[in-house]
Amino acid sequence: SEVARMIEGARAELKQRGIKDADKAPIPEEVFRPQAERRVRLGLVVAELVRANVLQAKPEQIKAHIDELAASYEKPQDVVRWYFSDNNRLAEVEAVVIENNVTDFVLGKAKVNEK
């Protein structure tokens, strides 16, 4: 669940800060429940926005983003291969591309009123 993920994140942060037995620290679920519920609701709204408006990441967008990330390295092709060799890394790039698509879509629909 999102609450469990957030508690694990908090424990990892405590451990990183040098707190002993951070992985056993009692962290009540209620602390994270409102934020977790908000994240889940937001995720559902964004997922529906992506679905309804066909904002999924296209393969050419993913490739272009990876090429852009790799461009600053000495051997860009090695970086490109590194991304494409791992589905988790590829999924992270796909998430960024989807986020960019949603942002562009929402900004394209926004109306600015100057006061």
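Select Leu-49 first and display its neighbours: leaving aside residues up to four places away in sequence, Leu-49 touches Leu-55, Val-102, Phe-105 and Val-106. Bear in mind, here and at each later stop, that this is a predicted model. Leu-49 itself lies in helix H2, and with a relative accessible area of 24% it is partly exposed, because the buried class is reserved for values under 20%. To see one of these contacts across the sequence, draw a distance between the C-alpha atoms of Leu-49 and Phe-105: the two residues are 56 residues apart along the chain, and the separation in space is 9.4 Å.

From there, stay on helix H2, which spans residues 33-52, and move to Arg-39. Which residue does the side chain of Arg-39 meet in a salt bridge at 2.9 Å, N to O? The partner is Glu-2, which sits in helix H1, residues 2-16, so that the pair links distant parts of the chain, 37 residues apart. With the two side chains shown together, note how they are classed: Glu-2 counts as buried at 15% relative accessibility, whereas Arg-39, at 45%, counts as partly exposed. Now add Arg-5 to the selection, since Glu-2, Arg-5 and Arg-39 are linked in a network of salt bridges.

Next, follow helix H1 to Glu-8 and Arg-11, which both belong to that helix and stand three residues apart, about one turn of the helix. Their side chains form a salt bridge in which the closest N and O atoms are 3.2 Å apart. Is Arg-11 buried or exposed? Arg-11 is buried, its relative accessible area being 17%, while Glu-8, with a relative accessible area of 48%, is partly exposed.

For the last stop, select Glu-29 together with Arg-33, whose side chains meet in a salt bridge with an N to O distance of 3.0 Å. Glu-29 counts as partly exposed at 40% relative accessibility, and Arg-33 is likewise partly exposed, with a relative accessible area of 33%.

To place these stops in context, display the salt bridges of the model together, taking a side-chain nitrogen of Lys or Arg within 4 Å of a carboxyl oxygen of Asp or Glu as the criterion; by this rule the count comes to eight. Those visited on this tour include the pair Glu-2 and Arg-39, the pair Glu-8 and Arg-11, and the pair Glu-29 and Arg-33.

Conventions:
Residues are numbered from 1 along each chain as its sequence is written. This is a predicted model: local features need pLDDT of at least 70, side-chain atom pairs count only at pLDDT 80 or more; totals for chains, interfaces and linings use all residues. Side-chain values use heavy atoms; hydrogens and water are left out. Helices (H or I, at least four residues) and strands (E, at least two) are DSSP runs, numbered from the N terminus. Buried means under 20% relative accessible area, exposed over 50%, partly exposed in between (1.4 Å probe, protein chains only). Contact means heavy atoms within 4.5 Å.
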